[in-house]
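Reader: Could you take me closely through the strand pairing in this model, with the cut-offs behind each term? I would like one connected account rather than a list.

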Amino acid sequence: MNQQIYRIGRGTPPTPVNRSFEPDDQRRCQNLLAWFERGAEPGATLLIDDWKLCAASDPGLAESVRWIAATARGVEVVITAGTPDDVPERLRPLVRLDFLAMHGLSTFTKAEAWKGVWDQVPIGAGAVVELTHLPDGQYRTGRHLHTTTRETFRSLLLGLMTTHSPKLFQAVFIDAHDSDTFAGLDAAPHVHAHHRGAASNPGQITEWLLAESERRLELVGNTWTIFHHRGFDQVLPQLLICVTGLDEIPGLAATLATIAPDVGKSGMQLLLDRPHELAPHRVPECTVPADLDDVARSLPPLMHKAEPVPGFFALHGVSGEFNRQRSWRMRPIREQYRVALGTDEHAQPIEIDIKTGSLQDGMGPHGEVIAPADRRPELLRAMLLSQTLWHSPDDLQLILIDFHGTGVFAGIDNAPHVYGYYRGMRPVIADRVLEALQGEQERRARMLTSGHHKTTWDYRRARYNGAPLDPLPEVLVCVDGVRGLVEEHPEFLKVLMTFGRLGRSYGQHLLLSDSTQVDELKSYIGYRFELTDEGWSRRISKSAETFTLPAGLDEVVRSLPRAMQKVEPLHDQLLPPPLHEWSALTLDQLGTHERAMPVGMRDVPFEHRVDVFWADFSRGGHGAIVGKPGSGRTTAMRTLTESITRTFGSTNGFHLQDGPLAGRPDAQHVVVTASSWAEVPQFVRDDLAWGVELKLADPSWSIVDERRQANLPDRPGTGLCVHLKQQVRIATS
């Protein structure tokens, strides 16, 4: 290399240099500057690559560079900048407009660079091209553009390629002959086709353009513009028709005149290399970056290279430490419940939005995951970790149902957002969860109706505006193994269908996962994640996006939920622990009543609580405790006896018989124990004021519910309340 170039700049230099120093490495940067102040070596060049970035690390950089430029002999100083205004006025003669810096980049990575939204793009010193306008003052549409110089034509094209993903922008190159206008640019992944020598064979080109316009118009349909359509389905990139020598290509102008008026819907936008009535908007003349042609050769090949998969926190643009104030802050409606899940082949985030489709590009409210059991956990983790990272428990709750008990939600269950976690759905647990979900539906309906709110969004809006309302978060019900759940517990299907139908109003979202779909629930699904031969795919309507999940999810699922739990206390749960799992229950824990006797606790899953189980004979009648040997009959009778004594001072007026009853006692109240209801005297059954059905030898003997009796845990003291048909636990005296 004849010219010795020493660079201060971030990352890999776009063109070869002898040595490069990171701006943050101030010791080496200061040594380099001191060497140049002493004269360096003849022919050496000091390159300050991206002045704004370098000066931020060294407040004295301007003075050092001024001294070197004024005193050093035989050396050159070059400054690159996005705009001359970034550089102190006395140093601006040293500025060489740098292409990447002009676009706010020090180096090119697809993850950082492809953030454009088809709005405007800089092309040179003080020149910015507006890509769209509002011709009717209401709907945004693309502008048909023309340039007057080869340089601005190329700078505009390369700028679009540098800042926009091929998913958002593609180009067709039509060259009347075989000029060098598109040299280097045609290697970019954005280029759909490059037609050289079009003047001699335009027929195939015009046919394709007309067919593509028709295809796009059919896809967009009745949507207002392509920009609205892209927001909903994200399937149609902007297509820039780039033409050199239009007047020399027979019939092409007529074809373009046919498709140009539909640019608002088709997204087929014109860029011509000379003035023409079809493209009335002129690209301003300007001085383009000095390295434009170098970058046009080097950058397009880089766009094809795969980039490392980002980690979870890098994907979300946050540090590895959870920051409550930053993550759980209020966000605009469009960004609420919209999170990144992974990256596509262009290193761009793939998002999911569980809001209903009527709310600012929502994709929900319901979705599904279709994949083998061993692969579903990774997708569910990415989904749930992303949602909990950006939403507080006052905004989002999770109900996790692991039907097969595989531990698919392990780690996530530590998050403070978890409203309920059920691993392995034994029948007795399934019954409780089913009732609790039904009760949640009614609770939400009641909260909305009482305040005359149509949806949870209306409710939260009133709360944020100062109304004295309790939090009412959206709730995401995640069911892994949903097909097995509805096959083994068919009653769940009705509840899931109710959520599917009314969830958009009541803030209830379903995320159903299994290896195959449940046919009866298909119509409620707005988005689907599916594992294909190419990897994970997100499907929304006609759109299918393949993506890669972030790296390091296993570590994140261990650390993030616990970090959130440290700053947010655990909230009330959908259900208290099952009564039969309580370690102990005594009369002393139950309190007293002036007329009724406490004997245990009863489960009220519909209301998400447990309550004292009372024996009340204040209106007369008799009682019975029925259960097989070993079910706790005798203990229950002792508890009742003790409770009567504590309440009334004695058992006067009661006949308490633990075992068979001979005749009819002369007592106002009679309570007996028996192994079956057939053994209970008829007069007791006919006037039964209170009864407990413990575990029976045969569930078919139940007078409460045969299925619930069959599912009842075989533990002493666990039974069913005859009148309320709820599970109870008898206390010990």
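**Two open sheets and their helices**

Author: In the parallel sense, strand E11 (residues 169–175) pairs with strand E13 (residues 238–244), and the pairing extends over seven bridges. Two strands count as paired if DSSP finds at least two bridges between them, and the elements themselves are DSSP runs numbered from the N terminus, helices being H or I of at least four residues and strands E of at least two. The model is a predicted one, in which local features need pLDDT of at least 70 and side-chain atom pairs count only at pLDDT 80 or more, while totals for chains, interfaces and linings use all residues. Residues are numbered from 1 along each chain as its sequence is written, and side-chain values use heavy atoms, with hydrogens and water left out.

Within the pairing of E11 and E13, Phe169 stands opposite Gln238 of E13. Helix H9 (residues 252–259) packs on this sheet, where it touches E11, E13 and strand E14 (268–272), and its direction makes about 155° with that of E13. Contact here means heavy atoms within 4.5 Å; the angle runs from 0 to 180 degrees between N-to-C directions, with axes fitted as lines to C-alpha atoms, for helices over the stretch in contact.

The sheet as a whole is open and is formed by six strands in the order E12-E11-E13-E14-E10-E15, with parallel pairing. Strand E12 (191–195) and strand E15 (281–282) stand at its edges; each has a single partner strand, so one side of each has no neighbour in the sheet.

A further open sheet has eight strands, ordered E27-E26-E33-E32-E31-E28-E30-E29, and its pairing is mixed. Its edges are strand E27 (609–615) and strand E29 (654–657), and because each has a single partner strand, one side of each is left without a neighbour in the sheet. On average, and with direction ignored, neighbouring strands of this sheet are turned by 25° against each other.

At the E29 edge, four bridges join E29 to strand E30 (residues 669–674), and the two run parallel; here Phe654 stands opposite His669 of E30. Helix H20 (residues 633–648) lies across a series of strands, namely E26 (597–604), E27, E28 (622–626), E29, E30, E31 (688–694) and E33 (727–730), and runs at about 120° to E26. Both edge strands of the eight-stranded sheet, E27 and E29, are thus among those that H20 lies across.
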